[in-house]
Amino acid sequence: MVITLLIAFGLLFVPESPRWLISKDRAEDAHRALERIHKKNDDIIVQDQVDAMVNAREAERESSGGESRWADVFKGTQRRRFLCAFGILVCQQISGVQFIFSYATVFFESIGQTDAFLMTIIVDILEVAGVLVSFLLVNRFGRRPLLLNTMVVMAATLVVCGALGIVRDRSKAMNTAIASMIMIYVFVFNLAWGPLAWVVATELATGKNRTKIMSVGTGAFWVAA
């Protein structure tokens with residue numbers, strides 16, 4: 001509750017997105033928003049940025065054939081962009097990661113781990129470690145190969161968890177193996193699907209319908225969660 005109130009209070013000092021204002025033909029408001037960001041230190045830089053965004057907006061309108069319409073999202077190449085962006089965000093959630101993030105401690109306790117809370121902390125550390133390592137891998141191997149290869153490893157760890165989970169009288173070693181697979185899964189998930197799903201979806205949702213594609217994709221993301 002306290003954190004939520006602090007965030008809400010902080011948002012009062014966040015200016016509106018200049019690009020969004022430009023998209024609504026509110027160049028003067030965009031100029032004022034950029035002035036707040038730059039603290040009015042250099043009006044020349046601010047005006048240059050406004051002009052660049054206005055020119056980019058006009059070029060986008062001309063190349064995309066006018067204003068954005070919902071009907072265009074489901075036609076031709078725009079439909080492919082929509083399905084790809086929508087699909088990758090939904091797939092990130094239906095992978096089951098939210099269950100682990102939300103109920104890791106309960107799950108570890110259910111498989112007989114006495115130090116369930118400590119194991120949850122380890123999971124959290126692996127989340128951060130996976131994201132940090134992804135910074136080093138993504139530009140070297142590319143987004144698509146990283147997503148595909150990590151998906152295979154994630155699927156393998158879940159298969160092992162499922163196979164061991166259906167055993168009635170599991171040994172302590174089996175329960176430890178399940179916990180280990182969960183940790184590997186979390187680390188590998190954050191090598192690609194955790195941080196890159198949003199990056200790839202944003203890169204795919206280009207053109208005049210970018211906002212509409214991402215709004216539907218984001219909504220589906222939270223529904224799938």
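**Two domains and a nonpolar core**

Q: In this predicted model, how far apart do the C-alpha centres of domain 1 and domain 2 lie?
A: The chain is divided into two parts: domain 1 covers 1-66, and domain 2 covers 72-224. Take the C-alpha centre of each domain. The distance between the centres of domain 1 and domain 2 is 33 Å.

Q: What does UniProt list for residues 1-18?
A: In the model, this span is 61% helix and 0% strand. Its end C-alpha atoms lie 30 Å apart. The label itself comes from an unreviewed UniProt entry, which gives residues 1-18 as "signal peptide".

Q: Is Leu-11 buried or exposed?
A: Leu-11 belongs to helix α1, residues 2-11. Leu-11 also helps make a nonpolar surface patch of about 620 Å², along with Val-2, Ile-3, Leu-6, Ile-7 and Val-14. Exposed means over 50% relative accessible area. Leu-11 has 53% relative accessibility, so Leu-11 is exposed.

Q: Which residues touch the most other members of the largest nonpolar core?
A: In soluble globular proteins, nonpolar side chains tend to be buried together. Here the largest nonpolar core has 38 residues. Those touching the most other members are Ile-88, Phe-108, Leu-147, Tyr-185 and Trp-193.

Q: Which helix gives the most to this core?
A: Helices α6 (76-94), α7 (97-110), α8 (116-141), α9 (143-165), α10 (172-189), α11 (193-204) and α12 (210-224) each supply at least two of the core residues. One helix gives the most, with nine residues. That helix is α10.

Key
Residues are numbered from 1 along each chain as its sequence is written. This is a predicted model: local features need pLDDT of at least 70, side-chain atom pairs count only at pLDDT 80 or more; totals for chains, interfaces and linings use all residues. Side-chain values use heavy atoms; hydrogens and water are left out. Patches are made of residues with over 30% relative accessible area and no salt bridge: like charges are joined within 9 Å, nonpolar side chains (Val, Leu, Ile, Met, Phe, Trp, Tyr) within 5 Å. Accessible areas come from the Shrake-Rupley method with a 1.4 Å probe; for residues, only the protein chains shown count as cover. A salt bridge is a side-chain nitrogen of Lys or Arg within 4 Å of a carboxyl oxygen of Asp or Glu. Helices (H or I, at least four residues) and strands (E, at least two) are DSSP runs, numbered from the N terminus. Buried means under 20% relative accessible area, exposed over 50%, partly exposed in between (1.4 Å probe, protein chains only). Domain bounds come from an automatic or database domain assignment. UniProt positions are given in the numbering used here, feature names are shortened, and annotations may be inferred rather than shown by experiment. A nonpolar core is a set of buried Ala, Val, Leu, Ile, Met, Phe, Trp, Tyr and Cys residues joined through side-chain atoms within 4.5 Å.
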